[in-house]
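Colleague: Please show me the model, and let us then discuss how its side chains pack.

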Amino acid sequence: MITAVLGPTNTGKTFLAIETMLSFNSGMIGFPLRLLAREVYDKVIKKCDPSTVALITGEEKIIPSNSKYFLCTVESMPIDKKLEFVGIDEIQMCNDHERGHIFTDRLLNLRGEKQTMFMGSHTIKNIISNLEEDVEFIKKERYSKLSYSGHKKISRIERKSAIIAFSTEEVYAIAELLRRQKGGCAIVMGSLSPKTRNSQVSLYQSGDVDYLVATDAIGMGINMDLNNIYFSNLKKFDGKKLRRLNLSEISQIAGRAGRYMNDGYFGVTGEVQNINPDEIELIENHKFEEIKNIFWRNSQLNFSNSKKLISSLEEKPNKGWLRKINECEDEKVLKYLINNQNELKINEDEKSIKLLWECCQIPDFVKKSYGKHLEIVKKVFNFLSGNIGKIPNSYFKEQLKSLDKLEGNVDSISNRIANVRTWSYVANKSNWVENNDYWIERTKYLEDKLSDRLHEELTKTFIDKRASVLAKGLKQDISFNTKIIDNKVEINDQFIGNLNGLKLELDLKVDALDADIKSLKKASRQTVMPELLKRIKQIIETGLIEIRKDFKIYWNNFSIAKLQKGRDYLYPEIDLIIDDMIETKERSKLTIFLEKWVKEKIETELESLIKLKNIKDNNPEIRALAYNLYENNGVVKRENVSSILKKLSQEDRKILRSSGVKFGRYHVFLYKLFKPSSVSLRILLWKNFYQKFFNLSPPIFGLNFFEDKKNVNKDFMLLCGFEKFDKFYVRIDILERLFILIFNSNSKIIDKQKEIKLTPEMLNLLGCNKENFVKLLKRMNYKTYEKDENIFFKYVPKRKNIKMNKDNIKMSDSPFVKLTQLNIK
């Protein structure tokens with residue numbers, strides 16, 4: 001009895017065939033794909049004793065000794081077995097340009113002893129009716145509705161969607177786009193090993209990714225939880241030419257959406273034009289043009305000699321609804337080898353010709369180098385037709401050795417798997433290889449190992465785990481589990497960035513798209529914001545912050561704000577260095593606190609400068625000197641304000657001294673500003689306002705005297721409180737203390753000048769050696785000389801016509817005259 005179970009996808013045809021087969025004592029089903037055969041095998045061994053179930057494909061054979069049920073690819077079906085039930089899935093494949101003749105042969109010649117079942121599309125009904133046998137037709141209706149959803153950009157495609165492409169390059173390009181925009185996808189292609197394919201499907205089915213990119217292999221019985229199918233292309237290369245898919249093919253693939261009772265939707269994406277309304281109606285209602293003829297090739301071959309074999313292959317069908325298939329790959333290889341017998345020795349006997357034909361049917365899974373495939377066929381044939389009659393272990397080992405490598409990208413690993421599949425096919429041929437069982441296991445092991453590696457590489461290449469987790473959580477409104485350890489932020493165990501102070505530095509890839517950044521920011525807003533608010537509160541409550549020489553305010557070694565030029569160097573502006581997600585209210589709180597903190601710090605450290613600025617006196621000379629000191633950061637050369645100083649009375653000086661002003665031999669300065677912390681702050685504020693001297697730093701604190709070996713900017717050094725004497729710098733306040741020490745020293749008057757003895761106290765005050773001290777004295781117009789093993793010095797004024805020394809210091813008055821003006825008590 002022949003039963004034809006016909007209908008669109010999602011009608012339970014395959015399920016019916018499996019249940020029917022298991023109701024018999026023996027049976028076999030042929031499937032169009034190795035993947036599908038394996039999938040059904042895995043289901044059947046759960047329903048009955050695994051020792052009674054066989055799996056037979058070109059590259060994989062599991063055949064227990066007491067097998068009763070056989071799950072096979074159509075090409076690998078053992079046609080000589082007598083079984084009660086035989087089923088062929090996707091029987092409309094008789095119309096396939098490349099493999100149609102195999103399906104047609106099974107349709108015409110393979111029968112079960114009690115029942116034969118053909119499962120497929122309604123379009124094959126008239127062809128099956130042409131069989132000269134009784135056929136029962138069972139019409140199956142789709143469980144759910146299939147509707148057209150139109151065109152959508154990939155960025156707007158919904159979850160639980162598959163995007164269909166028709167080349168490896170297209171699949172990878174779309175997968176990369178989905179990785180960047182949606183977090184990633186799983187990949188299903190007919191060329192994948194079952195292990196890789198199952199691993200990829202598990203990624204999708206588990207919810208780790210919401211999208212699938214597949215070739216048309218998905219259209220043949222592979223069931224997944226899909227709501228939508230989108231076509232990125234409606235054209236495919238059929239082995240001969242690039243052609244548009246017919247409506248039946250579109251429907252076959254689109255029908256994978258909406259499995260069982262769930263409605264499904266199909267549409268187009270990318271540059272594909274919309275399907276026209278008439279075609280949409282036909283697809284939605286599963287009404288397609290009947291198949292008028294199917295591909296055929298003679299299966300009753302004549303192996304008497306090579307000419308008769310070719311002649312039998314070229315035989316034409318004797319029925320009008322059968323159409324001879326174009327020359328297939330095995331036939332091309334056969335003709336090439338026969339026509340080039342200088343490359344291969346072929347005996348013209350039945351055994352040799354039959355063996356040659358079997359070798360020509362070795363599949364070319366790699367499909368990149370036709371010449372390489374021919375070499376494999378020739379090599380295998382030579383071994384099999386030689387004295388030993390088998391492929392030696394040494395040769396097989398050599399072929400697999402070059403493939404046993406795990407490094408490389410998706411393409412290189414896929415290429416290795418394709419090569420292994422070829423050798424797996426060879427190993428699975430009965431009596432072709434020495435130690436047949438060992439090489440079957442070895443190729444299976446190698447394919448599985450490479451498949452695992454390919455799955456890892458596919459996952460790494462086309463799945464951004466972090467983006468996937470975040471996108472899924474945001475769409476489904478799932479609460480995130482956030483950890484912040486050592487300022488590293490993890491959301492659901494995915495590292496998203498570093499929380500540096502009050503700013504989240506996202507861990508963005510070089511090619512990050514706006515969608516990636518938006519997902520990261522949205523997720524971080526939900527999870528990191530509470531920590532940021534907590535930190536702001538902690539900063540305000542503890543005030544544990546500091547200003548560093550890069551003009552930034554730091555908390556816990558992280559910058560949270562930066563000084564900017566304000567209306568005055570003592571009144572800088574503050575720019576926050578905080579995350580955009582922090583709201584205006586919190587920003588305002590922090591800004592007010594920092595402004596107050598900076599103001600109080602300046603008022604504390606630079607109190608005398610503030611007092612001087614705010615001095616209230618009607619005397620224009622006092623205000624003039626105060627202005628000069630303020631504008632010059634608390635230090636001015638005496639000669640630059642000499643005209644002002646001459647007009648100051650002792651009472652005026654007393655007022656200025658109460659504000660911290662000191663009148664020195666060479667300078668007028670605010671002596672309280674020479675503390676290390678005060679120097680650092682006022683220099684930093686000065687740099688910030690005038691935007692200069694950025695690469696210069698004050699001398700090391702505690703240093704009173706040093707020799708200039710780097711040609712330091714003397715104007716900057718004056719700001720820092722150091723006066724230059726040729727190549728020496730002396731701190732201004734220490735210089736004044738030196739003059740006082742000299743003035744108060746025990747000395748003799750010789751030639752109307754004091755003779756002063758150099759004492760250790762003087763050297764200790766400056767922190768320099770005797771040699772440099774003597775040099776410094778000379779720069780200050782002192783004459784030095786030795787007497788009684790001691791060094792003495794006395795002031796030698798310059799002549800009146802020489803008014804300036806080389807350091808531009810006025811030399812007309814003795815320093816002792818100036819010291820008497822200091823009113824030292």
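Modeller: This is a predicted model, in which local features need pLDDT of at least 70 and side-chain atom pairs pLDDT 80 or more, while totals for chains, interfaces and linings use all residues. Residues are numbered from 1 along each chain as its sequence is written, and side-chain values use heavy atoms, without hydrogens and water.

Colleague: With which residues is Ile553 in contact, leaving aside its neighbours within four places in sequence?

Modeller: Contact means heavy atoms within 4.5 Å. On that criterion, and leaving aside neighbours within four places in sequence, the partners of Ile553 are Ile545, Glu546, Ile547, Phe558, Ser559, Ile560, Ala561, Leu563, Ile574, Leu594 and Val598.

Colleague: Which helix gives the most residues to the largest nonpolar core?

Modeller: A nonpolar core is a set of buried Ala, Val, Leu, Ile, Met, Phe, Trp, Tyr and Cys residues joined through side-chain atoms within 4.5 Å; buried means under 20% relative accessible area, exposed over 50% and partly exposed in between, with a 1.4 Å probe and protein chains only. The largest such core has 70 residues, and Ile553 and Leu625 have the most contacts inside it. Helices are DSSP runs of H or I with at least four residues, strands are E runs of at least two, and both are numbered from the N terminus. With seven residues, the main contributor is helix 23 (residues 676-690).

Colleague: How many residues does the other core, the one with Met189, have?

Modeller: That core lies apart from the largest one, and its members include Val213, Ile310 and Ile346 besides Met189. Its size is 62 residues.

Colleague: What is the angle between the planes of Phe24 and Phe85?

Modeller: Rings of Phe, Tyr and Trp (its six-membered ring) pair if their centres lie within 6.5 Å; planes under 30 degrees apart count as stacked, over 60 as edge-to-face and the rest as tilted. Phe24, in the loop between helix 1 (13-22) and strand 2 (27-31), and Phe85, in strand 6 (residues 85-88), are 61 residues apart, and both are buried. Their centres are 5.9 Å apart, and the pair is stacked, with an angle of 20°.

Colleague: Why is Cys328 not bonded to Cys360?

Modeller: A disulfide is a pair of cysteine sulfur atoms within 2.5 Å, and the structure holds zero of them. Cys328 is buried, with a relative accessible area of 10%. Its closest cysteine sulfur is that of Cys360, which is too far for a bond, at 13 Å.
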